[in-house]
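Work through the exercises below with the sequence and the 3D structure at hand. Try each task before reading its solution.

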Amino acid sequence: MVFFLTYSFIVLGIYTLGTTRENEQLSIALNTQYSNSISDASQKLGELEDAVKKSLLFEDNKSSSKEREDIWRLSSDIKSSIATLPVDESFSTSWMNYLGRLGNFAKESTEQGNPDEYYEVIQKAADNLNELSSEWQVATKGLLSGNLSISHWENKLRDSPDGKANWSKMGQSVMEYTETVFPLTASESDAQKKKDLSGIKEAKIAEEEAIDKFKQLFPNVSNDLIVVDKSRKGSPYPFYHLRFAESSAIGYIDITQKGGHVLSYLVERRMGKPTKDYEELEKLAEQFLKQADYSDLVLEEARENDTAWHFVFVRVNPENGAKVFSDPIHMKMAKDTGEVLGLDASEYIRKEKLAPQPIRKVDWKQFFRPGVEVMDEQLAYVEDRQMQQRLAHYLTVVSDKEKSETYKILVDTDTLEVITTEKQ
């Protein structure tokens, strides 16, 4: 027994000593890796700032092609260095996004792109990089001594009581740089709309209130089994998800927690023979929308299949009566009973932010060629190529009365630029 105990202590001591040495070696290796990454990022951040400023010296794209190539390469290199550091996630995500946009913009604008736009964007980027370089120097001061333990590195590279740098604040700064310099893409714009929806100022409703609203709007299908779930934690627009089953019908309805708005509704059932005509279904659809507190809508489009009519309603701006095509509600009405089969109001709830815009008077006889007649003129908001909401003249024109060639044309009320032309 004494022999085995002595042997075990010796083995354990050797193992502990070996593990301690391995941990020390690992700590040294990581310390070296982090130091090299920060040193490399610091050096290349300075080179990136120089390349950005040099590219502003030339008028011709080809003359600054080397500098633009350097911007793309250095942006990629800095991203690789940042990726190896345990930096606060909000900073690394924002920083990599900004560097990616900057590098891609410089590379793509070498062969094509508006020179004026390039100088405007890159001048802002130069100012941003100058400010960020100063913040970076302060944040990384003291990290290159080589004497820090792994725990000290993590404390300094993340937001913590022991940290000297507020990485989240730097991440917020970079995010603001990105939003200022680079416009949002269409997908990012849509994601931003969803994010903005989380800021609804209306009070939250309880689960019982959501069920009551469901029963009020759909008394024919809300009497049987109802299962209520909540949207996942962190959802941009928290909502109640109600599932139901009534006879042979099954379906669901989503109601926002803030304000109790119907996001979407869908029911599946067997369809009978059509008994309702178009006019009756349109009136039923309008009555339902008013009952659901959607009162600022007008019918824009209607199409049918064998069993249902599909209606598209759009919001009307109360200030000028313009239709907002980006804020629609889609409805599906059954031809057999006249009930609502489906509804999607998610885009309507994300209401677009509309900016004031002048309306220039236009002589359409001078604007169009002879023989083109304007049959109807309205106002509407529509997205242009830059994904911005623009107020437009919404025209219905006929170019050949004999052939009945009809077009829908949208003309910017301020610039008189033709945004879209669609043949009907």
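The exercises go from the whole protein to single helices and residues.

The model is predicted: local features need pLDDT of at least 70, side-chain atom pairs count only at pLDDT 80 or more, and totals for chains, interfaces and linings use all residues. Residues are numbered from 1 along each chain as its sequence is written, and side-chain values use heavy atoms, with hydrogens and water left out.

**Exercise 1. Describe the protein as a whole.**

Step 1. The protein has eleven helices and twelve strands. Helices (H or I, at least four residues) and strands (E, at least two) are DSSP runs, numbered from the N terminus.

Step 2. Of the 424 residues, 40% are buried. Buried means under 20% relative accessible area, exposed over 50%, and partly exposed in between (1.4 Å probe, protein chains only).

Step 3. Take contacts, meaning heavy atoms within 4.5 Å. Among those between residues at least 6 apart in sequence, 56% join residues at least 24 apart.

**Exercise 2. Find the residues that touch the most other members of the largest nonpolar core.**

Step 1. A nonpolar core is a set of buried Ala, Val, Leu, Ile, Met, Phe, Trp, Tyr and Cys residues joined through side-chain atoms within 4.5 Å.

Step 2. The largest such core has 41 residues, and those touching the most other members are Phe214, Phe218, Tyr265, Tyr294, Ile329, Met331 and Leu343.

Step 3. A separate second core, of 27 residues, includes Leu48, Phe91, Ala106 and Ala125.

Step 4. Return to Tyr294: beyond its neighbours within four places in sequence, Tyr294 contacts His261, Val262, Leu289, Ile329, Ala345, Tyr348 and Ile349.

**Exercise 3. Work out how the buried residues of α9 are arranged, and what covers them.**

Step 1. Helix α9 covers residues 278–291, 14 in number, and spans 20 Å from first to last C-alpha, close to the 20 Å expected at 1.5 Å a residue. The expected span is 1.5 Å times one less than the number of residues.

Step 2. Leu281, Ala285, Phe288 and Leu289 are buried in α9. Viewed down the axis, the buried residues fall within an arc of 100°, so they line one face of α9. The arc is that of the directions from the helix axis to the C-beta atoms.

Step 3. Exposed on the other side of α9 are Glu279, Lys283 and Lys290.

Step 4. The cover over the buried residues of α9 includes α8 (207–217), β5 (297–304), β6 (308–316), β7 (323–334) and β8 (340–344).

Step 5. In α8 the buried residues are Ala210, Ile211, Lys213, Phe214 and Leu217. These residues cover an arc of only 160° around the axis, which puts them on the same side of α8.

**Exercise 4. Is Asp327 buried or exposed, and which side chain makes a polar contact with its side chain?**

Step 1. Asp327 is in strand β7.

Step 2. Asp327 counts as buried because its relative accessibility is 0%.

Step 3. The side chain of Arg315 makes a polar contact with that of Asp327, at 2.7 Å. A polar contact is a pair of N or O atoms within 3.5 Å; within protein, one must be able to donate a hydrogen and the other to accept it, and residues adjacent in sequence count only if both atoms are side-chain atoms.

Step 4. Apart from neighbours within four places in sequence, Asp327 contacts Phe313, Val314, Arg315, Glu347, Tyr348, Lys351 and Glu352.
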